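Q: I am new to this structure. Please take me through one small part of it, step by step.

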Amino acid sequence: MNFIFLGPPGAGKGSLAVKVAEDYKIPHISTGDIFRANIKNQTPLGIKVKAIIDSGSLVSDDLTCELVKDRISQDDCKNGFILDGFPRTIPQAEMFVSICPDVAVVNFQAADDLVIKRLSTRRVCKACGANYNVLTLPPKVEGVCDKCGGEIYQRDDDKQESIMHRMEVYREQTEPLIKFYSDKGNIYNFDSAIETDVLLGEFKKVFPVK
């Protein structure tokens, strides 16, 4: 099964994707991961991306789609995949239809106040990247990662001003995708206010594990 996870920042896409990837034995793929892997491995596409990023420019829709196409053609995607954070715009979505027409779009519905609360209380380990939340998933020792003992901090992206900007960008660029996929009839809406395990149960009712 091929999935696109769509929704605002802080809607819980990543948390559910981890569980779905494990239960359905399919990879969880983000464009950021694809960019980093190609740059690290110095692939022809990675060299192009690095040059663009180093120049301060944005990676084009064409090149982004080329990177995604290359990633989902790999062996671990033969039974399906989860795309998280792609497509971000209508042009990317239109290009991806020709690359992979068979995909289910999972739309995470979340109110603004829930998004702000989740993101502003999120903390991350500087060393290993483990995620915490000061309200729902605090570390055992304040400021110290349970997994590696690294320092836990609040990313600049998760501060109030940045959150509001990220939400504005989402509304302008990505929210139109909801209508795009609704018109195609392949979008499924889920309430992301519920706990991740409960949400996983709802997900499995719609998409039973094969």
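A: What follows is a close look at one residue and the helix that holds it. The model is a predicted one.

Start with T174. This residue lies in helix α7, which covers residues 160-174. Is T174 buried or exposed? Its relative accessible area is 9%. T174 therefore counts as buried, because the cut-off for buried is under 20%.

Next, the surroundings. Leaving aside residues up to four places away in sequence, T174 touches L6, P87, R88 and V169. R88 also offers a polar partner: its backbone oxygen lies 3.0 Å from a polar atom of the T174 side chain. I90 is 84 residues from T174 in sequence. In space, the two C-alpha atoms are 7.6 Å apart.

Now the helix itself. α7 has 15 residues. From first C-alpha to last, α7 reaches 20 Å, close to the 21 Å expected at 1.5 Å a residue.

Which residues of α7 are buried? They are I163, M167, Y170 and T174. These residues cover an arc of only 85 degrees around the axis, so they sit on the same side of α7. The spacing rule behind this is simple: an α-helix has 3.6 residues a turn, so residues three or four places apart point the same way.

That buried side has partners. The buried residues of α7 pack against β1 (2-6), α6 (112-120) and α8 (176-184). The face turned away from the buried side carries the exposed residues E161 and E172.

Key
Residues are numbered from 1 along each chain as its sequence is written. This is a predicted model: local features need pLDDT of at least 70, side-chain atom pairs count only at pLDDT 80 or more; totals for chains, interfaces and linings use all residues. Side-chain values use heavy atoms; hydrogens and water are left out. Helices (H or I, at least four residues) and strands (E, at least two) are DSSP runs, numbered from the N terminus. Buried means under 20% relative accessible area, exposed over 50%, partly exposed in between (1.4 Å probe, protein chains only). Contact means heavy atoms within 4.5 Å. A polar contact is a pair of N or O atoms within 3.5 Å; within protein, one must be able to donate a hydrogen and the other to accept it, and residues adjacent in sequence count only if both atoms are side-chain atoms. The expected span of a helix is 1.5 Å times one less than its number of residues. The arc is that of the directions from the helix axis to the C-beta atoms.
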